[in-house]
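Got your viewer open and your mouse ready? Let's take a walk through this model, one selection at a time.

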Amino acid sequence: MTDAIEAHRTDFPIEGFHHIEFWVGNAYEAAHYYRAIHGYEIVGYRGPETGVRHRASYALRQNDVRLVFTGALAPEDELSEHLMLHGPGVKDVAIQVPDAEVAHELAVSRGAVSVQEPTVVEGDRGKWKAAAIKAYGDTIHSLVENPDMTWPPPDFRLRSDSIATPIGLDHIDHVVANVELGSMDEWVEYYERVFGFVLLRHFDDKAISTEYSALMSKVVWDGSGVIRLPINEPAVGRRKSQIEEYLDFYRSSGVQHIAIATDSLVDTVAAARERGLGLMAVPDTYYDDLLERVPDLDADLDELKRLNILADQDDGGHLLQIFTRMMQDRPTVFFEFIERRGAIGFGEGNFRALFEAIERDQEERGNL
Ligand code: FE2
């Protein structure tokens with residue numbers, strides 16, 4: 001493992017993650033799952049009733065986490081094809097920018113492929129401007145200029161008819177991509193060139209491997225911490241790695257997990273478990289030497305064990321984290337909840353524990 005933290009501020013005008021849009025089979029059902037289990041409020045809707053013929057979208061919010069779930073109403077819609085190929089997954093990792101025109105022009109001048117010219121989106125509650133560029137696989141990055149922080153999007157109709165009890169999810173901490181074997185460095189170079197990001201950390205397959213699974217990972221960031229994007233590629237293991245399994249089922253590069261920050265992971269997980277959120281199991285033996293690995297840990301060890309919460313430590317401090325089960329039938333996308341207590345890393349010390357947990361599930365599916 002090598003750390004390459006350098007003083008840096010990107011020259012790309014960027015403010016942070018804006019929202020994440022999922023393309024799913026049944027947006028209504030997905031929205032209500034995330035409301036009931038993850039505690040998001042459903043705040044907006046766009047569909048035939050608002051003049052959009054072939055799609056239905058629900059906008060969700062919990063503190064500064066903004067999600068959209070969109071489904072197609074017709075087989076000829078591009079979304080239906082996307083769904084057929086990839087299954088439900090993340091279409092758009094939208095980034096907030098101070099000026100969509102400037103951001104789009106700069107990105108394209110640096111080699112990004114435009115998928116949407118800057119466009120004004122208007123409604124009763126205001127307007128914003130957004131453009132979009134291609135990212136890994138069929139994923140895109142919208143570049144959203146939204147100075148008033150209008151949410152749901154201006155062309156959505158407000159909804160407030162759902163009861164949601166938040167579980168303390170606060171903001172998006174990082175978004176992880178799985179990319180095809182041999183293309184990690186290309187995507188690192190893409191984020192360096194287009195967005196002016198730099199390498200934050202890098203892990204080779206010796207640092208992150210178990211008997212079966214191995215991966216290589218590089219993390220790029222904007223230098224201030226508002227955007228952190230780990231990029232994984234599979235490494236050769238004795239048997240199929242979880243990154244390969246993802247690529248086989250998603251049929252391309254794509255988003256593997258979204259990490260959401262909370263101020264109290266114990267409270268978040270206790271609330272989520274009560275509602276039936278499926279979490280990745282952790283072997284009891286994981287906790288035997290936890291205090292040796294995380295000497296700063298200030299938490300009730302029995303409680304962490306009961307809730308399956310992981311901990312890790314790096315130069316900056318320590319962190320608590322937990323991973324959900326796969327959020328759809330295909331073993332592709334999942335969530336992480338994370339509480340940073342000074343740590344700047346991503347829980348690298350837990351990769352092995354996580355992998356071992358994933359592999360037990362993989363074995364059950366017959367994909368190991
Ligand atoms: Fe993560």
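**Stop 1: helix α2**

Start with α2 and look at the face turned away from its buried side: Glu81 and Met84 sit there, both exposed. Exposed means over 50% relative accessible area, buried means under 20%, and partly exposed is in between (1.4 Å probe, protein chains only). Helices (H or I, at least four residues) and strands (E, at least two) are DSSP runs, numbered from the N terminus.

Before you go on, a word about what you're viewing: this is a predicted model, where local features need pLDDT of at least 70 and side-chain atom pairs count only at pLDDT 80 or more, while totals for chains, interfaces and linings use all residues. Residues are numbered from 1 along each chain as its sequence is written, and side-chain values use heavy atoms, with hydrogens and water left out.

Now spin α2 around. Which residues of α2 are buried? Select Leu79, Ser80, His82 and His86. Seen down the helix axis, these buried residues fall within an arc of 160°, so they line one face of α2. (The arc is that of the directions from the helix axis to the C-beta atoms.) A bit of background helps here: an α-helix has 3.6 residues a turn, so residues three or four places apart point the same way.

What do the buried residues of α2 pack against? Show β2 (16-23), β4, β5 (65-72), β6 and α5 (242-250). Contact means heavy atoms within 4.5 Å.

**Stop 2: the open sheet**

Next, color the strands in the order β7-β8-β9-β6-β2-β5-β4-β3-β10: that's an open sheet of nine strands with mixed pairing. Two strands pair if DSSP finds at least two bridges between them. At the edges you'll find β7 (114-123) and β10, each of which pairs on one side only.

Zoom in on β7 and β8. They form a hairpin with two residues between them, and their pairing is antiparallel, over seven bridges. Pick Val121 and you'll see Trp128 of β8 standing opposite.

Then hop over to β3 and β4, which pair in the antiparallel sense over five bridges. Here Gly44 stands opposite Ala59 in β4. To see what lies on the sheet, add helix α4 (residues 184-195), which packs there and touches β6 (89-96), β8 and β9. The direction of α4 makes about 135° with that of β8. For that angle, axes are lines fitted to C-alpha atoms, for helices over the stretch in contact, and angles run from 0 to 180 degrees between N-to-C directions.

**Stop 3: salt bridges**

How many salt bridges does the structure hold? There are 15. A salt bridge is a side-chain nitrogen of Lys or Arg within 4 Å of a carboxyl oxygen of Asp or Glu.

Select Asp155 and Arg46, whose side chains meet in a salt bridge (3.0 Å, N to O). Asp155 lies in the loop between β9 (140-145) and β10 (157-158) and Arg46 in strand β3 (residues 41-46), so the pair ties together parts that are 109 residues apart in sequence. Asp155 is partly exposed, at 26% relative accessible area.

Another one to try is Arg55 with Glu78, where the closest N and O atoms are 4.0 Å apart. Arg55 belongs to strand β4 (residues 55-62) and Glu78 to helix α2 (residues 78-86), so you're back at your starting helix, with the two residues 23 apart along the chain. Arg55 counts as partly exposed, at 23% relative accessibility, and Glu78 does too, at 48%.

Now pick Lys129 and Glu101, a salt bridge with its closest N and O atoms 3.4 Å apart. Lys129 is in strand β8 (residues 126-134) and Glu101 in helix α3 (residues 100-109).

**Stop 4: the iron ion**

Select the iron ion. Which residues coordinate the iron ion? His174 (NE2), His257 (NE2) and Glu336 (OE) do, at 2.0 to 2.2 Å. Donors are N, O and S atoms within 2.8 Å of the metal (3.2 Å for Na, K and Ca), and water is not among the atoms, so sites may look incomplete.

Along the chain, the donors follow the spacing H-x82-H-x78-E. His174 is in strand β11 (residues 169-178) and Glu336 in strand β18 (residues 334-341), 162 residues apart. Are these two buried or exposed? Both His174 and Glu336 are buried.

**Stop 5: helix α6**

Finish at α6 (residues 265-274), where Leu265, Val266, Thr268, Val269 and Ala272 are buried. On the other side of α6, find Asp267 and Glu274, which are exposed. Add β11 and β18 from the iron stop: they are among the elements covering the buried residues of α6.
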